Amino acid sequence: MKIDFRKAKSIITKSNIPSIDYVINPYTGCQHGCIYCYAEFMIRFTNHKGDKWGQFLDIKTFDINKIKPEKYNGKNILLSSVTDPYLPLEKKYQNTRRILEKLVDTKATVSVLTKSKLVVRDIDLFKKFENIRVGISISTLDEDFARIIERAASKPLERLEAIKLISKAGIETYTFISPYFPEITNYKDIIEKAEGYSNRFSFENLNFRPHNVPRIMNTIKEHFPHLLNTYKEIQKDRGYWDILEDEITNYCEDKKLNYKIQFHHGGFSKS
Ligand code: SF4
């Protein structure tokens, strides 16, 4: 892992993600190195040409006193969008924790999203926020498959245990079933495990991008060869997502869950 330090002009930046006003990415790069990651485009924008996603990390340096909590009142802030706020090196550098400490008095709605059990470290801080929700993203409960697709993230059950603890501390939680791997992700199993302590569920399709398609297809070819043709078809035709969306909608409605389905990423839009 190549580690560097880079000065960030601003640590809280405007977002073009729908319904998110600002994003906080305490690091550039991501130690988790997920095979499907959509954030790999950051290599181009951050002078990392030639580096491999998952093998470099810039620790952002910034002026903590420039963070003005009141500036974000009424806004939606996401922590994080192109890295994970609770990477293994967060234990050492604590960028995420320092930012949260400074933001405590904001009246923004803060959404924290991670694949790491380290998130429980900050329960004391989450309790101080007026409006915060803490979520995990998860694709599978199968540890072996998770290790293949998200080699350095916490195990799926550890992530679920983390939001269980956070929920027990009285903090709003959510489970982001993402990315959804067709014919592999078992959303019902995940919901059954999490429904006692997750206030909301959301779903996102596997997002085929030119840079991740070879890695996804090679993984499917090696570990699920019988699904390779299905994946090739799904890559071209969004019909699969429409059918799945209807199925998940019925399931969530029956269970009276609070849910949101976002099967429109990567050029797909509901027909
Ligand atoms: S944790 Fe998120 S940002 Fe990091 S590699 Fe995985 S998908 Fe990308």
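This report walks through a predicted model of a single chain, from its overall build down to a few residues worth a look.

**Overall build**

Let's start with the whole chain. Its secondary structure amounts to 10 helices and 11 strands. The radius of gyration is 18 Å, and a compact globule of 271 residues would come out near 18 Å, so the chain agrees with that expectation. If you are setting up a box, the C-alpha atoms fill roughly 55 × 45 × 35 Å along the principal axes.

Buried residues account for 36% of the 271 residues. Among contacts with a separation of 6 or more, 75% link residues that are 24 or more positions apart.

**Strand pairing**

Two parallel pairings involve β6 (residues 76-79). Strand β3 (residues 22-24) pairs with β6 over 2 bridges, in the parallel sense, and here Y22 stands opposite I77. β6 also pairs with strand β7 (residues 109-114), again in the parallel sense, over 4 bridges. In that pairing, N76 has T109 in β7 as its bridge partner.

Elsewhere, 3 strands make up an open sheet with mixed pairing, in the order β1-β5-β4. Its edge strands are β1 (2-7) and β4 (27-28), each of which pairs on one side only. β4 runs antiparallel to strand β5 (residues 56-61), and 2 bridges join them; across this pair, T28 stands opposite D58 in β5.

**Around the ligand**

Which residues surround the ligand? The shell consists of C30, H32, G33, C34, C37, A39, V82, T83, D84, K115, E150 and A153. Sorted by class, that gives 6 nonpolar, 3 polar and 3 charged residues.

**The nonpolar core**

In soluble globular proteins, nonpolar side chains tend to be buried together. In this model, the largest nonpolar core has 56 residues, and the members that touch the most others are I77, V110, V112, V134, I177 and F203. I77 is the residue that stands opposite Y22 in the pairing of β3 with β6.

F203 deserves a closer look. Setting aside residues up to four places away in sequence, F203 touches I177, S178, Y180, Y187, I248, I261, Q262 and F263. I177, one of these partners, is also listed among the core members that touch the most others.

**V23, a buried strand residue**

V23 lies in strand β3. Is V23 buried or exposed? It is buried, because 20 other C-beta atoms lie within 10 Å, and 20 is the count at which a residue qualifies as buried. Beyond its neighbours within four places in sequence, V23 is in contact with T13, S15, L78, S80 and S81. One of these, L78, is 55 residues away along the chain, yet the C-alpha atoms of V23 and L78 are separated by 4.8 Å.

**Backbone points to check**

Four backbone features may be handy when you prepare the model. They include two cis peptide bonds, one joining L79 and S80 and one from S178 to P179. S80, a contact of V23, is found in the loop between β6 and α2 (90-93). P179 has its place in strand β9 (residues 172-180). The other two are positive phi angles at residues that are not glycine, namely N47 and Q94.

| Feature | Residue or bond | Angle |
|---|---|---|
| cis peptide bond | L79 to S80 | omega about 10° |
| cis peptide bond | S178 to P179 | omega near -15° |
| positive phi | N47 | phi about 55° |
| positive phi | Q94 | phi about 55° |

N47 sits in the loop between α1 (42-45) and β5. With 12 C-beta neighbours inside 10 Å, N47 counts as exposed. Q94 is placed in the loop between α2 and α3 (95-103). For Q94, 15 other C-beta atoms lie within 10 Å, so this residue is partly exposed.

**H211, a loop residue**

Last comes H211, in the loop between β10 (200-205) and α8 (213-223). H211 is partly exposed, because it has 13 other C-beta atoms within 10 Å. Along the chain, H211 and C252 are 41 residues apart, and their C-alpha atoms are separated by 33 Å.

Terms used
Residues numbered from 1 in each chain as written. Predicted model: local features only at pLDDT ≥ 70, side-chain atom pairs only at ≥ 80, totals over all residues. Rg over C-alpha atoms; globule rule 2.2 N^0.38 Å. Contact = placed C-beta atoms within 7 Å. Pairing = 2+ DSSP bridges. Near = placed C-beta within 6 Å. Nonpolar A, V, L, I, M, F, W, Y, C, P; charged D, E, K, R; others polar. Core = buried A, V, L, I, M, F, W, Y, C linked by C-beta atoms within 7 Å.
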